[in-house]
Amino acid sequence: MHIAFLGLGGMGQPMATNLINAGFTVTVWNRSPAPTDALRALGAQVAQSPKDIYDADVLITILADDAVTESVVVEQGALASLAPGALWINMATVSVAFTEAMEALAQQRRVGYVAAPVLGRVDVAAAGNLNILAAARRSGF
């Protein structure tokens with residue numbers, strides 16, 4: 001399974017690290033490239049832009065807010081790069097209206113969407129013990 005992970009801030013970097021250490025093929029991207037260096041050293045592939053994740057089975061995003069997530073996923077092409085049948089897991093805390101809009105866009109692309117914000121601190125993320133509140137509707141495709 002190939003996972004694309006976009007957003008390598010305080011929570012994202014340890015989460016992506018855990019996926020790499022678990023043996024998944026992981027492609028990472030971040031708005032500022034510096035956090036990708038440590039993950040490249042662990043074996044991650046580094047995307048040059050969000051649209052360079054076209055062969056990912058799963059897209060995980062944990063970006064700052066609604067506006068940043070929309071910019072990265074919609075405007076910069078991450079969602080359009082996913083093949084039908086892929087799954088997008090949005091782990092950021094975003095608004096309900098935004099979640100509904102992104103879910104509709106994902107469904108148009110025949111991509112599954114899961115809203116899955118996380119609860120915990122950076123040390124909890126590094127230990128792999130975050131609480132995840134996941135919600136999704138049956139996609140119908």
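**Exercise 1. Work out how strand β1 is covered and how its side chains point in this predicted model.**

Solution.
Step 1. Count the burial. All told, 5 of the 5 residues of β1 are buried, and the strand is mostly covered.
Step 2. Sort the residues by direction. His2, Ala4 and Leu6 point one way from β1. Ile3 and Phe5 point the other way.
Step 3. Check both sets. Each of these residues is buried.

**Exercise 2. Find the strands that pair with β1, and name bridge partners.**

Solution.
Step 1. Take β2. β1 and β2 pair in the parallel sense over 5 bridges. Ala4 stands opposite Thr27 in β2, and Leu6 has Trp29 as its bridge partner there.
Step 2. Follow the chain between the two strands. From β1 it crosses through helix α1 (residues 12-21) to β2. This β-α-β crossover is right-handed.
Step 3. Take β4. Its pairing with β1 is also parallel, over 4 bridges. Ile3 stands opposite Val58 in β4.

**Exercise 3. Decide whether β2 is enclosed or open, then trace the chain on to β3.**

Solution.
Step 1. Use the burial cut-off, under 20% relative accessible area. In β2 (residues 25-29), 4 of the 5 residues are buried, so the strand is largely enclosed by the rest of the structure.
Step 2. Look at the pairing. β2 and β3 (residues 45-46) pair in the parallel sense over 2 bridges. Val28 faces Val46 in β3.
Step 3. Trace the connection. The chain passes from β2 through helix α2 (residues 36-42) to β3, and this β-α-β crossover is right-handed.

**Exercise 4. Describe the burial of helix α1 and what covers it.**

Solution.
Step 1. Count. In α1, 7 of the 10 residues are buried, so the helix is largely enclosed by the rest of the structure.
Step 2. Name them. The buried residues are Gly12, Pro14, Met15, Ala16, Thr17, Leu19 and Ile20.
Step 3. Find the cover. It includes β1, β2, α2, β4, β7 (118-119) and α6 (122-126).
Step 4. Look past the helix end. Just after α1, Gly23 has a positive phi of about 100 degrees.

**Exercise 5. Do the same for helix α3, from its start to the residue that follows it.**

Solution.
Step 1. Begin at the start of α3. There, a side-chain oxygen of Asp65 comes within 3.2 Å of the backbone nitrogen of Ala67.
Step 2. List the buried residues. In α3 they include Val68, Thr69, Ser71, Val72 and Val73.
Step 3. Find the cover. Among the elements over the buried residues of α3 are β1, β2, β4 (58-61), α4, β5 and α5.
Step 4. Read on. Gly77 follows α3, and its phi is positive, near 90 degrees.

**Exercise 6. Locate the nonpolar cores and their best-connected members.**

Solution.
Step 1. Start with the general trend. In soluble globular proteins, nonpolar side chains tend to be buried together.
Step 2. Take the largest core. It has 24 residues, of which Leu6, Ile53, Leu59, Val72, Leu79, Leu82 and Trp88 touch the most other members.
Step 3. See where its residues come from. β1 (2-6), α3 (66-75), α4 (78-81), α5 and β6 each supply at least two.
Step 4. Zoom in on one member. Leaving out residues up to four places away in sequence, Ile53 touches Ala4, Leu6, Thr27, Ala47, Leu59, Ala78, Ser81 and Leu82.
Step 5. Add the second core. This separate set of 23 residues includes Val26, Val28, Ile60 and Val118.

**Exercise 7. Classify the aromatic pair, then examine the surroundings of Tyr113.**

Solution.
Step 1. Count the aromatic pairs. There is 1.
Step 2. Use the geometry. Planes over 60 degrees apart count as edge-to-face. The rings of Trp88 and Tyr113 have centres 4.8 Å apart and planes at 80 degrees, so the pair is edge-to-face.
Step 3. Place the partners. Trp88 lies in β5 (residues 87-90) and Tyr113 in β6 (residues 112-115), so the pair ties together parts 25 residues apart in sequence.
Step 4. Check burial. Trp88 is buried at 0% relative accessible area. Tyr113 is buried at 6%.
Step 5. Bring in Glu103, in helix α5 (residues 96-108). Beyond its neighbours within four places in sequence, Glu103 is in contact with Tyr113 and Arg137. Glu103 is buried too, with a relative accessible area of 14%.

**Exercise 8. Is Arg110 buried, partly exposed or exposed, and where does it sit?**

Solution.
Step 1. Place it. Arg110 is in the loop between α5 and β6.
Step 2. Read its exposure. With a relative accessible area of 43%, Arg110 is partly exposed.
Step 3. Check the backbone. Arg110 has a positive phi near 65 degrees, in a residue other than glycine.

Note on methods:
Residues numbered from 1 in each chain as written. Predicted model: local features only at pLDDT ≥ 70, side-chain atom pairs only at ≥ 80, totals over all residues. Heavy atoms only, no water. Phe/Tyr/Trp six-rings, centres within 6.5 Å; stacked < 30°, edge-to-face > 60°. Buried < 20%, exposed > 50% of the residue type's maximum accessible area, 1.4 Å probe, protein only. Contact = heavy atoms within 4.5 Å. Core = buried A, V, L, I, M, F, W, Y, C linked by side-chain atoms within 4.5 Å. Pairing = 2+ DSSP bridges. Right-handed = clockwise from strand over helix to strand, strands pointing away. Polar contact = N/O pair within 3.5 Å; in protein donor to acceptor, adjacent residues only side chain to side chain.
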